Amino acid sequence: MELDVLEKTKSKNTLYLEESAFDGSTVKGNLKLIMDDQIQYVQQAVVKHEDYDQMVDQGLNVSKVRYVD
């Protein structure tokens, strides 16, 4: 629901994920949509460093993903 509100804004938006980016070994739904540019109103996602590394290991496109330590 929160992401739907952002669709109507003209701002640049960043999603900060506090929880794991994964559901098992699969990237969670909305995050995957952001990464695949299917949710275009969120320009960047910030995840934990270990989640970022797992994404890279899986060969995922991380061009819209940053990490924090």
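**Exercise 1.** Find the bridge partner of Val-46 in β5, then work outwards to the sheet.

*Solution.* Start with the pair itself: Val-46 has Arg-66 as its bridge partner in β5. This is a predicted model, where local features need pLDDT of at least 70 and side-chain atom pairs count only at pLDDT 80 or more, while totals for chains, interfaces and linings use all residues. Numbering runs from 1 along each chain as its sequence is written, and side-chain values use heavy atoms, leaving out hydrogens and water.

Next, go up to the strands (E runs in DSSP of at least two residues, numbered from the N terminus). β4 and β5 run parallel, joined by four bridges; strands pair if DSSP finds at least two bridges between them. Now add β1: the open sheet has the order β1-β4-β5, with parallel pairing. β1 (14-16) and β5 have a single partner strand each, so they stand at the edges.

**Exercise 2.** Is Lys-64 buried or exposed, and what does its side chain meet?

*Solution.* First, place it: Lys-64 sits in the loop between α3 and β5 (65-68). Then check the area: at 12% relative accessible area, Lys-64 is buried (under 20%; exposed is over 50%, partly exposed in between; 1.4 Å probe, protein chains only). Now look for polar atoms: one in the Lys-64 side chain lies 3.4 Å from the backbone oxygen of Ile-34. Finally, list contacts (heavy atoms within 4.5 Å): leaving aside neighbours within four places in sequence, Lys-64 touches residues including Met-35, Asp-37 and Gln-44.

Notes:
A polar contact is a pair of N or O atoms within 3.5 Å; within protein, one must be able to donate a hydrogen and the other to accept it, and residues adjacent in sequence count only if both atoms are side-chain atoms.
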